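Dear colleague,

I am handing over the structure below, and I would be grateful if you could keep it open while you read the notes that follow it.

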Amino acid sequence: MSTAAPSRTLLVTGAAGFIGANFVHYWREQHPDDTVVALDALTYAGNEENLAGVRDGIVFVHADIGDGDRVAKVLRDHRVRTVVNFAAESHNSLAVLDPGRFFRTNVMGTQRLLEASLRHGVERFHHISTCEVYGDLALDSTDAFHEDSPYRPRTPYNASKAGADHAVRAYHETFGLPVTVTNCANNYGPLQFPEKVIPLFVTNALRGRSLPVYASRHHRREWIHVLDHCRAIDMVLADGVPGETYHVGTGVEASVQDIADAVLGELGLPASFQTTVADRPGHDRRYLLDSTRIRRELGWRPTVAFGAGLRETIRWYRDHPEWWEPLLGRRPVTEDPAVWQPSGAGAR
Ligand code: NAD
């Protein structure tokens with residue numbers, strides 16, 4: 001007979017963003033006896049509406065992970081035992097225009113959160129990282145990134161995430177903080193801010209605007225449904241070994257052109273609804289994770305098939321204009337070719 005895990009208090013940072021909010025919904029459903037403290041700085045990408053439906057069952061704290069005193073008080077007041085750190089600046093294109101904010105939050109913010117967690121004595125600090133810290137792969141490569149592959153970030157976003165991962169490991173090796181890290185592939189699903197490719201394409205198409213497809217239309221990403229990512233984090237929190245890193249990927253790759261075709265097909269629009277735009281500088285060609293460890297050691301498997309999950313996601317944006325329409329004006333960068341010119345509006 002299996003015994004239920006004792007209830008505990010989790011601090012989820014970046015909880016009003018895409019993956020963080022999906023994780024809070026997931027956790028409330030799967031672990032209803034736990035207390036969730038959802039912390040978010042509510043940057044342009046953070047949206048309290050993403051927590052609608054669970055708002056009454058959680059504690060919401062509007063704060064910056066870089067505010068060490070505030071975070072320490074939250075950890076103390078709520079007797080937090082587990083920290084799950086999603087908080088980050090996450091948009092590669094914005095990082096080209098304003099790299100400083102990425103290093104401030106992703107590196108220094110994470111370090112302050114680590115320090116507060118160490119002093120408070122949390123039992124687990126789980127950090128959400130990305131496949132992008134390893135740099136990119138050639139389109140015809142037969143390789144994949146392993147947990148011990150060298151870090152070779154190529155963009156300010158990737159470099160700031162790499163810096164955060166190094167800080168997390170240092171707090172484990174030097175101070176003994178019980179950390180785990182997951183590096184995940186590209187997530188898709190509901191509640192993703194309409195600057196990222198799938199909601200950007202769908203919301204453009206629904207407003208009669210063409211899809212801005214990068215000139216490097218055959219560059220590929222490995223795709224995972226956000227709920228499969230949440231399940232993986234749950235399994236790592238339950239059975240992951242402190243100090244270890246786990247890759248979370250499906251092995252399913254699709255190019256930006258594949259995504260454009262799927263969106264236009266699902267919405268019944270012609271192929272002419274696309275405009276080729278210049279790549280952002282430093283655009284990575286391809287990432288692919290070897291996820292053998294989490295599958296073998298923890299028994300995790302993706303459960304959402306990409307084709308079906310993508311169609312369902314496109315329909316979710318189609319059916320929820322009230323969710324994304326208010327967000328369009330908050331986007332600090334759109335994939336306008338002029339933005340990458342030295343004299344472009346967003347150039348530093
Ligand atoms: P997101 O931009 O949708 O959400 C990030 C959230 O963090 C926002 O709610 C924002 O307000 C909050 N935030 C930003 N700075 C903060 C700060 N200083 N203090 C507190 N909160 C702050 O991003 P996402 O796609 O949900 O990504 C979540 C995490 O997962 C990030 O760490 C990202 O690097 C990682 N990740 C994302 C993907 C992906 O495909 N989206 C893949 C792998 C890893």
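The ligand is surrounded by 28 residues, counted as near when one of their heavy atoms lies within 4 Å of it, and the closest are Ile19, Asp40, Ser90, Tyr157 and Lys161. Please bear in mind that this is a predicted model, in which local features need pLDDT of at least 70 and side-chain atom pairs count only at pLDDT 80 or more, while totals for chains, interfaces and linings use all residues. Residues are numbered from 1 along each chain as its sequence is written, and side-chain values use heavy atoms, with hydrogens and water left out.

By character, the shell around the ligand divides into 15 nonpolar, ten polar and three charged residues, where Ala, Val, Leu, Ile, Met, Phe, Trp, Tyr, Cys and Pro count as nonpolar, Asp, Glu, Lys and Arg as charged, and the others, Gly among them, as polar.

Backbone atoms also approach the ligand: a polar backbone atom of Gly17 is 3.0 Å from a ligand oxygen, and a polar backbone atom of Phe86 is likewise 3.0 Å from an oxygen atom of the ligand. For Asn187, a backbone N or O atom lies 2.8 Å from a ligand oxygen. The ligand taken alone exposes 830 Å², of which the protein buries 96%, the areas being accessible areas from the Shrake-Rupley method with a 1.4 Å probe. Two or more residues of the shell come from each of α1 (18-30), β5 (124-130), α5 (156-175) and β7 (186-188), with helices (H or I, at least four residues) and strands (E, at least two) taken as DSSP runs numbered from the N terminus. The largest share, three residues, comes from β5.

Turning to the helix packing, α6 (residues 197-206) and α8 (residues 256-267) pack at an angle of about 40 degrees with their axes 10 Å apart, the axes being lines fitted to C-alpha atoms over the stretch in contact and the angles running from 0 to 180 degrees between N-to-C directions. These two helices, α6 and α8, are therefore oblique to each other, a word for what remains once angles under 35 degrees count as roughly parallel, over 145 as roughly antiparallel and 65 to 115 as roughly perpendicular. The axes of α6 and α10 (residues 306-319) come within 10 Å and cross at roughly 50 degrees, so α6 and α10 are oblique to each other as well.

With best regards

Note on methods:
A polar contact is a pair of N or O atoms within 3.5 Å; within protein, one must be able to donate a hydrogen and the other to accept it, and residues adjacent in sequence count only if both atoms are side-chain atoms.
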